[in-house]
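Welcome! Here is a short guided tour for anyone meeting this structure for the first time. Keep the 3D view open as you read.

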Amino acid sequence: MTWLHNAAHTRWLEAETDRIFEFGRRSRVHTGFGWLDNNGNVVAEKPTQLWITARMTHVFALAGLMGRPGANTLVDHGINALRTAFHDDDHGGWFASVNDEGPVETAKSGYAHSFVLLAAASAVAAGRPGATELLEDALAIADGKFWDHDANMCFDSWDREFTQTEAYRGGNASMHSVEAYLIVTDVTGETRWLERALHIAEVLIHRFARNNSYRVFEHFDPDWNPLPEYNTDHRADRFRAYGSTPGHWTEWARLLLHVKAGLEARGMDAPSWLLDDARGLFDAACRDAWQPDGHPGFVYSVDWQGQPVVTSRIRWVPVEAIGGAAALYKATGDPAYAAWYERIWDHVREHFIDYENGSWWQELDENGSVSSSVWDGKADIYHLMHCLLVPRLPLTPGLAPALAANLLDADLRTAPAPVPAPALS
């Protein structure tokens with residue numbers, strides 16, 4: 001029996017989920033949710049980030065749907081912060097960061113706005129007051145400002161007034177827009193968001209990554225031509241790293257399967273390449289990034305020949321690989337993905353989980369020592385929910401809608417009973 005059909009493993013995931021939620025609740029600050037250090041204390045000198053506040057609002061919506069006392073209070077706090085401290089009442093949208101005095105960074109980030117959309121949709125699924133109004137606002141901005149109706153793709157960023165957009169298009173912001181669009185489709189029933197998610201995936205994965213040995217391009221010009229040498233002088237950038245980041249390959253693999261399942265659930269055409277490319281992406285990540293330097297775990301980034309660039313081990317990379325392996329096993333039943341699921345969890349337990357200080361280490365060097373060349377502290381708990389909940393939920397609907405529909409561990413409830421071992425003579 002694989003761990004993915006093992007009730008004892010599910011209980012372990014449940015316990016780890018509670019431990020992570022308790023760590024995350026320490027992040028509450030007046031203006032939203034702050035950046036946590038390695039001990040779970042808010043880093044006071046950092047302004048409150050929009051992407052963290054939105055992601056934590058989403059995470060606490062999941063916790064509320066799982067019946068965790070106190071979680072709904074935190075969701076409501078996040079909704080209030082997004083509707084007040086972060087909201088630009090003059091020009092619309094949300095500031096990138098704020099402090100108690102007001103906005104610090106006034107630019108409008110597509111990456112962060114995708115998480116506002118995700119937070120609002122998850123809060124609607126959780127039935128929280130003010131969530132519907134927040135979602136309506138976020139949808140208007142997503143459609144009117146961040147969706148390029150000519151290119152049928154996403155803008156990456158704007159100035160405060162939404163008058164100037166950067167001469168850059170990003171795969172990361174587009175990928176997280178796909179994630180948000182899936183949940184929006186579930187809570188609104190509007191399939192145009194699912195169709196947009198499919199189109200983004202077709203361009204970035206089926207057109208470009210598939211023809212590049214599944215090494216995903218991260219950076220593009222305004223006409224969506226890849227920029228393979230982008231940020232060659234800043235190779236360890238947190239959000240725009242040089243080369244390709246294999247953690248996104250496994251994250252994309254999972255998202256393709258969510259898109260496929262969402263289309264099929266609605267009787268819409270689901271192209272066969274969605275599964276083929278999901279396999280290709282996950283297998284390529286294991287090919288290029290799993291201990292290529294002889295040390296355990298996935299490297300952070302690789303070049304266009306698949307050679308390591310930044311060898312730090314960043315926690316969201318194995319997290320997304322766990323989610324990708326679980327999703328591929330659900331979609332295919334291939335035991336190879338169940339084996340990867342277990343192998344990566346063993347690695348995470350040995351190297352990343354921090355039982356002394358809480359949560360997981362955000363970054364390790366290639367020797368397994370805690371480092372901070374890319375990330376400092378344990379900023380939030382958003383990615384961790386993927387490896388803790390994705391294995392326990394169906395491929396569609398998405399996380400919050402599935403929890404609202406009481407689909408947690410539905411596979412275990414319907415799985416056949418294990419064959420009993422023969423009696424000892």
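## Enclosed spaces

Five cavities of 30 Å³ or more are found in the structure. The model is a predicted one, and it is a good idea to keep that in mind throughout the tour.

Let us begin with the largest cavity, which holds about 260 Å³ of space. Its lining is made of 24 residues, and the closest to its centre are Tyr-111, Arg-238, Trp-316, Trp-375 and His-383. Three elements, α2, α6 and α8 (246-265), give two or more residues each to this lining. Sorted by class, the lining of the largest cavity has ten nonpolar, seven polar and seven charged residues.

The second largest cavity holds about 200 Å³ of space. Of the 20 residues that line this cavity, Leu-182, Ile-183, His-258, Gly-398 and Leu-399 lie nearest its centre. Here the elements giving two or more residues are α6 and α8, and α6 gives the most, with five residues. By class, nine residues of the lining of the second largest cavity are nonpolar, seven are polar and four are charged.

## Open pockets

Now for the pockets. The largest pocket has a volume of about 410 Å³. Among the 18 residues of its lining, those nearest the centre are Ser-109, Tyr-111, Asp-156, Phe-239 and Arg-240. You may recognise Tyr-111, as this residue is also among the closest to the centre of the largest cavity. At least two residues of the pocket lining come from each of β6, α4 (110-125) and α6. The classes in this lining are eight nonpolar, five polar and five charged residues.

The second largest pocket has a volume of about 170 Å³. Its lining counts 14 residues, with Val-29, Thr-31, Ala-44, Lys-46 and Thr-48 closest to the centre. Seven of the lining residues are nonpolar, five are polar and two are charged.

## Helix α6

Helix α6 has come up several times, and it deserves a visit of its own. Does the length of this helix agree or disagree with what its residues should span? The helix covers residues 171-188, and at 1.5 Å a residue its 18 residues should span 26 Å; the C-alpha atoms at its ends are 25 Å apart, which agrees.

Helix α6 is also mostly covered, with 15 of its 18 residues buried. Just after the helix comes Gly-189, which takes a positive phi of about 75°.

## A buried threonine

Next, find Thr-53 in helix α2, which runs over residues 50-65. Is Thr-53 buried or exposed? With a relative accessibility of 0%, Thr-53 counts as buried.

Leaving aside residues up to four places away in sequence, Thr-53 touches Thr-31, Gly-32, Phe-33, Thr-48, Ala-81, Leu-82 and Phe-86. Two of these neighbours, Thr-31 and Thr-48, are also listed closest to the centre of the second largest pocket.

## Salt bridges

How many salt bridges does the structure hold? There are 27 salt bridges. One of them brings together the side chains of Glu-14 and Arg-392, at 2.5 Å from N to O. Glu-14 belongs to helix α1 (residues 7-24), while Arg-392 sits in the loop between α12 (384-389) and α13 (399-404), so this pair ties together parts that are 378 residues apart in sequence. Glu-14 is partly exposed, with a relative accessible area of 22%, whereas Arg-392 is buried at 6%.

Helix α1 also offers a pair within the helix: the side chains of Glu-16 and Arg-19 meet in a salt bridge of 2.8 Å, N to O. These two residues are three apart in helix α1, so about one helical turn separates them. Glu-16 is buried, with a relative accessible area of 3%. Elsewhere, Lys-108 forms a salt bridge with Asp-88, and their closest N and O atoms are 3.0 Å apart. Lys-108 is in strand β6 (residues 108-109) and Asp-88 in the loop between α3 (71-83) and β4 (97-99), so the pair ties together parts 20 residues apart in sequence. Both Lys-108 and Asp-88 are buried. Finally, salt bridges with shared partners join Glu-14, Asp-18, Arg-68, Arg-392 and Asp-409 into one network.

Conventions:
Residues are numbered from 1 along each chain as its sequence is written. This is a predicted model: local features need pLDDT of at least 70, side-chain atom pairs count only at pLDDT 80 or more; totals for chains, interfaces and linings use all residues. Side-chain values use heavy atoms; hydrogens and water are left out. Helices (H or I, at least four residues) and strands (E, at least two) are DSSP runs, numbered from the N terminus. Buried means under 20% relative accessible area, exposed over 50%, partly exposed in between (1.4 Å probe, protein chains only). Contact means heavy atoms within 4.5 Å. The expected span of a helix is 1.5 Å times one less than its number of residues. A salt bridge is a side-chain nitrogen of Lys or Arg within 4 Å of a carboxyl oxygen of Asp or Glu. On a 1 Å grid over the protein atoms alone, a cavity is a set of points where a 1.4 Å probe fits but cannot get out, and a pocket is an open set with protein on both sides within 12 Å along at least five of seven lines; lining residues have an atom within 4 Å of a point. Grid points are joined across faces, edges and corners, and a volume is the space filled by probe spheres set on the points. Ala, Val, Leu, Ile, Met, Phe, Trp, Tyr, Cys and Pro count as nonpolar, Asp, Glu, Lys and Arg as charged, and the others, Gly among them, as polar.
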